[in-house]
Amino acid sequence: MKQNPDIEVLIVEDDLRIAEIQKRFIEQIAGFQTVGIAASYQEAKTYIDLLQPDLLLLDVYFPDMNGIDLLKETKQQNKQMDVIMITATKEIHKVQEAISIGVFDYIIKPVIFERFKQSLLRYQEFHTKLVELRNENLHVTQKQVDKLLRKEIDRSLSEKAYLPKGIDPLTLEKVLDVLSKVDFGLTAEFVAKEIGVSRTTARRYLEHLMSEEKIAADLAYGTVGRPERVYLVRGASKQHNH
């Protein structure tokens, strides 16, 4: 049983600038510690044997190796170590190969901190459960296995990771809440008043939801006769609110 409760991470990345960024990312997440940075196949092999890290952050292309081959090797040697691929490689066959060999996650560069953090926190949850089960007994129930293999990402975390600049998850939630309480279209002005923001801000959030195809828009002809854009949750009826 190791004394250090932190999850030990080895970064395998030949671009030291990127490796340093990853190291700084790790420093911002409690419960993790970088134990080394390997920039070549030989360094990676040596560090894996000597340090026996819990988690490997692994790139695909190196001057002297392919990260997928290192991944295969570590799995064949039955190392008790998990791998998150972090790579610019987007070819579907590489992604599929990495998944079938058994990576915990696959992150495409350039790395967004929120997505990186989400991956590590999910790994932390998995690792904690695994350690608990190991300490409890040698046999597991189906329910325990299901919890261990649960790969779905916490939706709020997931959506937050990809929100564009200027879109706050809490305000977005409020906008959706207002729209979901009625089954007719609402104007940006109405939504703005309901949640206490400016009309421009409300329109920005509504247009974002439109681009995500979470809501639809329609034109309504008000009393003045000038058509006005109204927004409604997809599938709602097309009446409108003045």
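**Which order do the strands of the five-strand open sheet have, and is the pairing parallel or antiparallel?** The order is β2-β1-β3-β6-β7, and the pairing is parallel. Before the close-ups, a quick note: this is a predicted model, where local features need pLDDT of at least 70, side-chain atom pairs count only at pLDDT 80 or more, and totals for chains, interfaces and linings use all residues. Residues are numbered from 1 along each chain as its sequence is written, and side-chain values use heavy atoms, with hydrogens and water left out.

**View 1. Here is the five-strand sheet, an open one.** Strands here are DSSP runs of E with at least two residues, helices are runs of H or I with at least four, and both are numbered from the N terminus. Two strands count as paired if DSSP finds at least two bridges between them. At the edges stand β2 (32–38) and β7, each with a single partner strand, so one side of each has no neighbour in the sheet. From one strand to the next, the twist averages 20°. Look further in and you'll find β1 (residues 7–12) running parallel to β3, joined by four bridges. V9 sits opposite L55 in β3.

**View 2. Helix α2 lies across β1, β2 and β3.** The helix runs at about 140° to β2; axes are lines fitted to C-alpha atoms, for helices over the stretch in contact (heavy atoms within 4.5 Å), and angles run from 0 to 180 degrees between N-to-C directions. In the loop between α2 and β3 (55–58) comes Q52. This residue isn't a glycine, yet its phi is positive, at about 45°. Most residues other than glycine have a negative phi.

**View 3. This one shows the largest cavity, with about 30 Å³ of space.** A cavity is a set of points on a 1 Å grid over the protein atoms alone where a 1.4 Å probe fits but cannot get out, and lining residues have an atom within 4 Å of a point. Grid points are joined across faces, edges and corners, and the volume is the space filled by probe spheres set on the points. The count comes to one cavity of 30 Å³ or more. Its lining is made of K45, I48, D49, L70, T74, Q77 and K79. Two elements, α2 (41–51) and α3 (67–76), each give two or more residues to that lining, and α2 has the largest share, with three.

**View 4. Meet F104 and Y123, an edge-to-face aromatic pair.** Rings of Phe, Tyr and Trp (its six-membered ring) pair if their centres lie within 6.5 Å; planes under 30 degrees apart are stacked, over 60 edge-to-face, and the rest tilted. The whole structure has five aromatic pairs. In this one, the rings are 5.2 Å centre to centre, with 85° between the planes. F104 is in the loop between α4 (92–101) and β7 (105–108), while Y123 is in helix α5 (residues 113–136), 19 residues apart.

**View 5. The peptide bond from K109 to P110 is cis.** Its omega is near -5°. P110 belongs to the loop between β7 and α5.

**View 6. A three-strand open sheet has the order β8-β10-β9, with antiparallel pairing.** Seven bridges join β9 to β10, and A220 has E228 in β10 as its bridge partner. Two bridges join β8 to β10 (residues 227–233), with L186 opposite Y231. Helix α8 (residues 169–180) lies across β8, β9 and β10, at about 95° to β10.

Terms used:
On a 1 Å grid over the protein atoms alone, a cavity is a set of points where a 1.4 Å probe fits but cannot get out, and a pocket is an open set with protein on both sides within 12 Å along at least five of seven lines; lining residues have an atom within 4 Å of a point.
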